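Please look over the sequence and the model below before reading on. The paragraphs that follow move from one salt-bridged side chain to the sheet, the helix and the overall fold.

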Amino acid sequence: ESLSPAELYRRTKAATLVFGRLYLCDDCDRLHSSLAGGVLVSGDGLALTNYHVLSSRGTEIFGALMETGLPLSVEEVLASSRKDDIALVRLSGAEDLPFLRLVAGPGQAEVGSEVFVVSHPDAHFYSLSRGHISRYSLNVRTRAPVLQVTAPFARGSSGSGVVNREGRLVGL
């Protein structure tokens with residue numbers, strides 16, 4: 001069943017993470033920060049994000065923050081694919097967290113379907129944007145599947161969820 005935009009935002013926001021890392025700069029020898037998104041896919045702390053959000057030389061500290069302000073540390077990376085730019089992590093100490101269910105099948109994420117993104121573009125946390133699935137393609141370099149959407153996003157939105165009208169996760 002379709003959710004109202006307000007309910008869809010509330011549910012998606014509750015399951016959206018801010019992933020952050022401190023890293024040692026190659027140019028100035030100081031610590032810098034980088035923020036991105038992630039999405040909980042189980043109540044016990046399994047979360048998806050993009051591979052490139054996790055992979056970086058010089059990372060000193062990496063963790064997640066829920067919209068409630070609850071900090072969570074990354075316990076382990078359970079699976080990751082550089083080629084597909086996806087990673088599944090387990091967050092430590094997590095229980096009974098809000099999460100998003102995945103789409104049940106390909107018919108729920110067709111080209112032309114309306115989608116929503118709750119992300120952190122340019123550090124504007126938990127911004128809602130709306131668009132459509134514009135196409136599926138293959139990355140020219142890696143041949144990995146790519147979901148292209150018309151919903152606006154910017155730096156800091158990597159790893160955030162793309163959801164359909166039912167609030168189910170269709171991609172990152």
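Is Arg165 buried, exposed or partly exposed, and what is its relative accessible area? In this predicted model, Arg165 is partly exposed, with a relative accessible area of 22%. Its side chain takes part in a salt bridge with Glu114, in which the closest N and O atoms are 3.0 Å apart. Because Glu114 lies in strand 7 and Arg165 in the loop between strand 10 (162–163) and strand 11, this pair ties together parts that are 51 residues apart in sequence.

Glu114 has a second partner to consider, since the side chains of Glu114 and Arg130 also meet in a salt bridge, at 2.6 Å from N to O. That pair, too, links distant parts of the chain, with Glu114 in strand 7 and Arg130 in strand 8, 16 residues apart. Glu114 itself is buried, because its relative accessible area of 18% falls under the 20% that serves as the limit for that class. As general background, side chains of opposite charge can pair when their charged atoms come close.

The strands that hold Glu114 and Arg130 belong to a wider arrangement. Strand 7, which covers residues 114–119, and strand 8, which covers residues 127–138, run antiparallel and are joined by six bridges; within this pairing, Val118 has Leu128 of strand 8 as its bridge partner. On to the next neighbour, strand 8 pairs with strand 9 (residues 145–149), again in the antiparallel sense, over five bridges. Two of the residue pairs can be traced here, for Leu138 has Pro145 of strand 9 as its bridge partner, while the bridge partner of Ser137 in strand 9 is Val146. Six residues stand between the strands in the hairpin of strand 8 and strand 9, and in that hairpin Arg143 takes a positive phi near 65°.

Taken as a whole, this is an open sheet of five strands in the order 9-8-7-10-11, with antiparallel pairing. Strand 9 and strand 11 (169–171) stand at the edges, where each has a single partner strand, and therefore one side of each is left without a neighbour in the sheet.

The reader may now turn to helix 1. In this helix, which spans residues 5–15, the residues Leu8, Thr12, Ala14 and Ala15 are buried. They cover an arc of only 160° around the axis, which means that they lie on the same side of helix 1.

Where does a side chain of this helix meet another part of the chain in a salt bridge? The side chains of Lys13 and Glu67 form such a contact, at 3.8 Å from N to O. Since Lys13 lies in helix 1 and Glu67 in the loop between strand 4 and strand 5 (71–81), the pair ties together parts that are 54 residues apart in sequence. Both partners are partly exposed: the relative accessible area is 24% for Lys13 and 33% for Glu67. The count for the protein comes to six salt bridges.

A patch of another character is found on the surface, where Leu22, Leu24, Leu31 and Ile61 make a nonpolar area of about 330 Å². One of these residues, Ile61, lies in strand 4, which runs over residues 59–66. Ile61 counts as exposed because its relative accessible area is 51%, and the limit for that class is over 50%.

With these local features in place, the overall fold can be described. The secondary structure of the protein comes to two helices and 11 strands, which follow the pattern α-β-β-β-α-β-β-β-β-β-β-β-β when read along the sequence. The radius of gyration is 16 Å, close to the 16 Å that the globule rule gives for 172 residues, so the protein is as compact as a globular protein of that length. Along its principal axes, the C-alpha trace spans about 50 × 40 × 30 Å, and of the 172 residues, 41% count as buried.

How values were computed
Residues numbered from 1 in each chain as written. Predicted model: local features only at pLDDT ≥ 70, side-chain atom pairs only at ≥ 80, totals over all residues. Heavy atoms only, no water. Patch = residues over 30% accessible without salt bridge, like charges linked within 9 Å, V, L, I, M, F, W, Y side chains within 5 Å. Areas by Shrake-Rupley, 256 points an atom, 1.4 Å probe, with all protein chains shown as cover. Salt bridge = Lys/Arg side-chain N within 4 Å of Asp/Glu carboxyl O. Helix = DSSP H or I, 4+ residues; strand = E, 2+ residues; numbered from the N terminus. Buried < 20%, exposed > 50% of the residue type's maximum accessible area, 1.4 Å probe, protein only. Arc of directions from axis to C-beta. Pairing = 2+ DSSP bridges. Rg over C-alpha atoms; globule rule 2.2 N^0.38 Å.
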